[in-house]
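Hi everyone, and thanks for making time for this. I'd like to walk you through a structure that may be new to you, so please have it open as I talk.

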Amino acid sequence: MYPEELEKYLELQQISKELAQTISEYYHIRETQIRWWNVTEFFEDTKKITISPLNKHQFNKLINGSYGIYGLTIINKYLSMVYYNDTSIASRQHFTILHELSHIQLHSNTKNETYSSLIIGNDYSAEDTIKEQEANTLASQLLINDNALNQYINMVLNLIKSAKNLKSVMKH
């Protein structure tokens with residue numbers, strides 16, 4: 001990883017931590033309890049974003065394209081809409097929703113914006129590719145936040161330690 005990539009990752013990690021803290025306070029839950037749907041509902045409630053499923057055929061009709069996409073975000077001064085492909089498996093839908101919400105968190109401003117996640121084909125500019133990578137990184141951090149990951153790792157390590165202790169007791 002190059003220094004500027006590491007710097008950007010740490011910046012996105014800080015955004016993720018701040019967002020997790022805000023969501024934790026908003027729902028009165030521990031950060032380790034935050035799940036993808038809490039993030040989604042938080043954005044719907046606080047940023048007035050509408051999230052809606054569309055299937056591959058509807059996506060192609062909407063964007064008049066011949067390729068399928070996972071998700072699409074449309075932002076203008078009147079509304080923010082996130083669409084996701086409901087023919088994808090559930091875990092992909094969750095990631096896609098968080099990816100599109102990450103675009104809103106990171107890249108939206110007052111001008112009209114459209115972000116899409118392509119399934120096939122990649123006609124992104126260099127700038128768009130960077131935005132996609134940033135949205136992917138933030139979405140992955142939101143999908144499993146650091147606190148939840150650390151709690152899980154510690155739980156697994158404790159189970160392994162307990163199993164080793166039990167094994168040594170059983171030998172004696």
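I'll start with the overall layout and then visit a few places along the chain.

Before anything else, please keep in mind that this is a predicted model. The protein has 172 residues, and 35% of them count as buried. Its secondary structure comes to 6 helices and 4 strands. If you read from the N terminus, the order of the elements is α-α-β-α-β-β-α-β-α-α. So that you can follow me on screen, helix 1 covers residues 3-27 and helix 5 covers 126-143, while helix 6 takes in residues 146-171.

Let's go to the salt bridges. How many salt bridges does a search of the whole structure find? The count is 2, and Lys8, Glu11 and Glu134 are linked by them in a network.

Take the pair of Glu11 and Lys8. Their side chains meet with an N to O distance of 3.2 Å. Both sit in helix 1, and because they are 3 residues apart there, about one helical turn separates them. Glu11 is partly exposed, with a relative accessible area of 39%, and Lys8 is partly exposed too, at 28%.

The other pair is Glu134 with Lys8, where the closest N and O atoms are 3.4 Å apart. This salt bridge links distant parts of the chain, since Glu134 belongs to helix 5 and Lys8 to helix 1, with their positions 126 residues apart. Now, is Glu134 buried or exposed? At a relative accessible area of 13%, Glu134 is buried, because the cut-off for that word is under 20%.

Keep your eyes on that spot for the next stop, the pocket. The largest pocket has a volume of about 210 Å³. There are 10 residues in its lining, and the closest to its centre are Glu5, Lys8, Tyr9, Gln133 and Glu134. You'll recognise Lys8 and Glu134 from the salt bridge we just looked at. The elements that each give two or more residues to this lining are helix 1 and helix 5. Which element gives the largest share of the lining? That is helix 1, with 5 residues. By type, the lining divides into 4 nonpolar, 2 polar and 4 charged residues.

There is an enclosed space to look at as well. The structure holds 1 cavity of 30 Å³ or more, and its volume is about 40 Å³. The residues that line it are Leu19, Ala20, Ile23, Ile34, Val39, Gln141, Leu142 and Asn145. Here again, helix 1 and helix 5 are the elements that give two or more residues, and helix 1 gives the largest share, 3 residues. What about charge in this lining? The residues divide into 6 nonpolar, 2 polar and no charged, so if you compare slides, remember that the pocket lining has 4 charged residues.

Next, please turn the model to look at the surface. A nonpolar patch of about 820 Å² is made there by Leu143, Ile144, Leu149, Tyr152, Ile153, Met155, Leu157, Leu159 and Ile160. Helix 6 gives the most to this patch, with 7 residues. One member, Ile144, is found in the loop between helix 5 and helix 6. Ile144 is partly exposed, with a relative accessible area of 42%, so it passes the patch requirement of over 30%.

My last stop is the backbone. Most residues other than glycine have a negative phi. Which places break that habit here? One of them is His28, where phi is near 55°, a positive value. His28 lies in the loop between helix 1 and helix 2, and it is exposed, with a relative accessible area of 74%. Another is Lys48, also with a positive phi of about 55° although it is not a glycine. You'll find Lys48 in the loop between helix 2 and strand 1. At 63% relative accessibility, Lys48 counts as exposed.

If you take one picture away, let it be Lys8 in helix 1 joined to Glu134 in helix 5, with both of them among the residues closest to the centre of the largest pocket. Thanks for listening!

Notes: Residues are numbered from 1 along each chain as its sequence is written. This is a predicted model: local features need pLDDT of at least 70, side-chain atom pairs count only at pLDDT 80 or more; totals for chains, interfaces and linings use all residues. Side-chain values use heavy atoms; hydrogens and water are left out. On a 1 Å grid over the protein atoms alone, a cavity is a set of points where a 1.4 Å probe fits but cannot get out, and a pocket is an open set with protein on both sides within 12 Å along at least five of seven lines; lining residues have an atom within 4 Å of a point. Grid points are joined across faces, edges and corners, and a volume is the space filled by probe spheres set on the points. Ala, Val, Leu, Ile, Met, Phe, Trp, Tyr, Cys and Pro count as nonpolar, Asp, Glu, Lys and Arg as charged, and the others, Gly among them, as polar. Patches are made of residues with over 30% relative accessible area and no salt bridge: like charges are joined within 9 Å, nonpolar side chains (Val, Leu, Ile, Met, Phe, Trp, Tyr) within 5 Å. Accessible areas come from the Shrake-Rupley method with a 1.4 Å probe; for residues, only the protein chains shown count as cover. A salt bridge is a side-chain nitrogen of Lys or Arg within 4 Å of a carboxyl oxygen of Asp or Glu. Buried means under 20% relative accessible area, exposed over 50%, partly exposed in between (1.4 Å probe, protein chains only).
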